[in-house]
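User: I am new to this structure and would like to know what stands behind the labels people put on it. Could you take me through the reasoning?

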Amino acid sequence: MGELPLRVVTHRNWLARLFTPYGGVQDFGMDVCPEEVLSYAWWAPSEWVARAHASGVSLPLVSCGANWADRLDVPDHWLHRRILTVPAGEAVEAAKELKGDTVFVKLPEAKTDAFPACLVFKNHLGSVLASPLVGADTLVQLSEEIQFSCEARFFVAHGRVVASSWYQKDGRVWVDEGFVGGTDYEMSVLTEMADAVASSRKSPRGYTVDIGVVRDTPYTPAIVEFNAAWSSNPYDADMRGVCEAVRASNLHTLPEAEQRYQRDNWAFDVSGVPGVHRPLTVRGSYF
């Protein structure tokens, strides 16, 4: 199969322009065309993918899944804290297994401003989970408190790191004026771990992994989280590599012999996107 153009679902013009030199076409996400879904590789917010699914149109996407810490056989020393993924109805009790008075809570994959990741005292966890977006069966991820002095994102395609970017340093993020990431040596430490992650035999063909340097433990890397390449912010990463990872996270860009394994093991589960998803308008061909 030849290289498919990328359809980039976003209202952020600056983001769409990053993809343009590499076959990106902006889509404002107002509708979806079933006949043309397989004519593109997709970059899109998970909420939009869930809305397309509610319209009867399932995009062929893969991700590491909500239980990535278990499914990817991530060694404990790569995490430097314990992580649990449990239904929200069991979270308060499960949090007692984690050390410390605080717990970091987030949705495992989906990102939404209506339920941001946050560090809370354990005795306040129930109040945080009393959100209209979170039902008793909604999976949430709990982890022991950890602080990172700097963090970088790595895009992975076909078992290798293809692009990377700093996005946090000492509490400042990449959009802050004058932002400067970590040192070259810190990046080399993080890249070494990213390469080890990428070489794992059990993983989707395309994804991103965020890795940070543990604060107060110089040059000690730890995995922050995994994300779907098809919805990850590129930050300042090389866009050629970003697009390679995004395309690799779209099932229909892979050889037919590999598609079934990837679909059976790593297909994105839209049930992990919280809330009620209003169906998109379904229309005919884009052309």
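User: Why is Tyr 40 called buried?

Analyst: Happy to help, and please keep in mind that this is a predicted model. Tyr 40 has a relative accessible area of 6%, and buried means under 20%, so the label follows.

User: What makes Tyr 40 and Trp 42 an aromatic pair, and how is the pair classed?

Analyst: The ring centres of Tyr 40 and Trp 42 are 6.2 Å apart, and rings pair if their centres lie within 6.5 Å. Their planes are at 65 degrees, and over 60 counts as edge-to-face, so this pair is edge-to-face. Trp 42 is buried too, with a relative accessible area of 0%.

User: Which other pair is edge-to-face, and how do you know?

Analyst: One of them is formed by Trp 174 and Tyr 235, with 5.3 Å centre to centre and 70 degrees between the planes. The limits are 6.5 Å for pairing and 60 degrees for edge-to-face, so both conditions are met.

User: Why is the pair of Trp 174 and Tyr 235 said to tie parts together?

Analyst: Trp 174 lies in the loop between strand E11 (172–173) and H6, while Tyr 235 lies in the loop between strand E13 (221–227) and helix H7 (239–248). These parts are 61 residues apart in sequence, so the pair ties them together.

User: Are Trp 174 and Tyr 235 buried or partly exposed?

Analyst: Trp 174 has a relative accessible area of 21%. Buried requires under 20% and exposed over 50%, so Trp 174 is partly exposed. Tyr 235, at 14%, counts as buried.

User: Which residues form an aromatic cluster with Trp 174?

Analyst: Trp 14, Tyr 167 and Tyr 235 form one aromatic cluster with Trp 174. A search of the whole structure finds 10 aromatic pairs.

User: How do you know that a charge sits over the ring of Tyr 40?

Analyst: The charged end of Arg 7 is 4.8 Å from the centre of the Tyr 40 ring, and the distance limit is 6 Å. Arg 153 likewise lies over the face of Tyr 167, at 5.8 Å from the ring centre.

User: Why is E10 called largely enclosed?

Analyst: Seven of the 10 residues of E10 are buried, so the rest of the structure largely encloses this strand.

User: What makes E9 and E10 paired strands?

Analyst: Strand E9 (residues 148–157) and strand E10 (residues 160–169) are joined by eight bridges and run antiparallel. Pairing takes at least two bridges, so E9 and E10 qualify. Among the partners, Val 156 is matched with Val 161 in E10, and Ala 157 stands opposite Arg 160. The two strands form a hairpin with two residues between them, and His 158 in the turn has a positive phi of about 55 degrees.

User: How do you know that E10 and E11 pair?

Analyst: Two bridges join E10 to E11, and the requirement is at least two, so the strands pair. They run antiparallel, and Lys 169 has Arg 172 in E11 as its bridge partner. E10 and E11 also form a hairpin with two residues between them; there, Asp 170 in the turn has a positive phi of about 50 degrees.

User: Why are E11 and E13 called edge strands?

Analyst: The open sheet has five strands in the order E11-E10-E9-E12-E13, with antiparallel pairing. E11 and E13 each pair on one side only, which is what the edge label says.

User: What makes strand E6 largely enclosed, and which strands does it pair with?

Analyst: Four of the five residues of E6 (residues 102–106) are buried, so the strand is largely enclosed by the rest of the structure. E6 pairs with strand E7 (residues 118–121) in the antiparallel sense over four bridges, with Phe 104 facing its bridge partner Leu 119 in E7. Three bridges join E6 to strand E8 (residues 139–143), also antiparallel, and there Lys 106 has Gln 141 as its bridge partner.

User: Why is Arg 201 called exposed?

Analyst: Arg 201 has a relative accessible area of 83%, and exposed means over 50%, so the label fits. Arg 201 is placed in the loop between helix H6 (184–198) and strand E12 (206–214).

Terms used:
Residues are numbered from 1 along each chain as its sequence is written. This is a predicted model: local features need pLDDT of at least 70, side-chain atom pairs count only at pLDDT 80 or more; totals for chains, interfaces and linings use all residues. Side-chain values use heavy atoms; hydrogens and water are left out. Buried means under 20% relative accessible area, exposed over 50%, partly exposed in between (1.4 Å probe, protein chains only). Rings of Phe, Tyr and Trp (its six-membered ring) pair if their centres lie within 6.5 Å; planes under 30 degrees apart count as stacked, over 60 as edge-to-face and the rest as tilted. A charge sits over a ring if NZ of Lys or CZ of Arg is within 6 Å of the ring centre and within 35 degrees of the ring normal.
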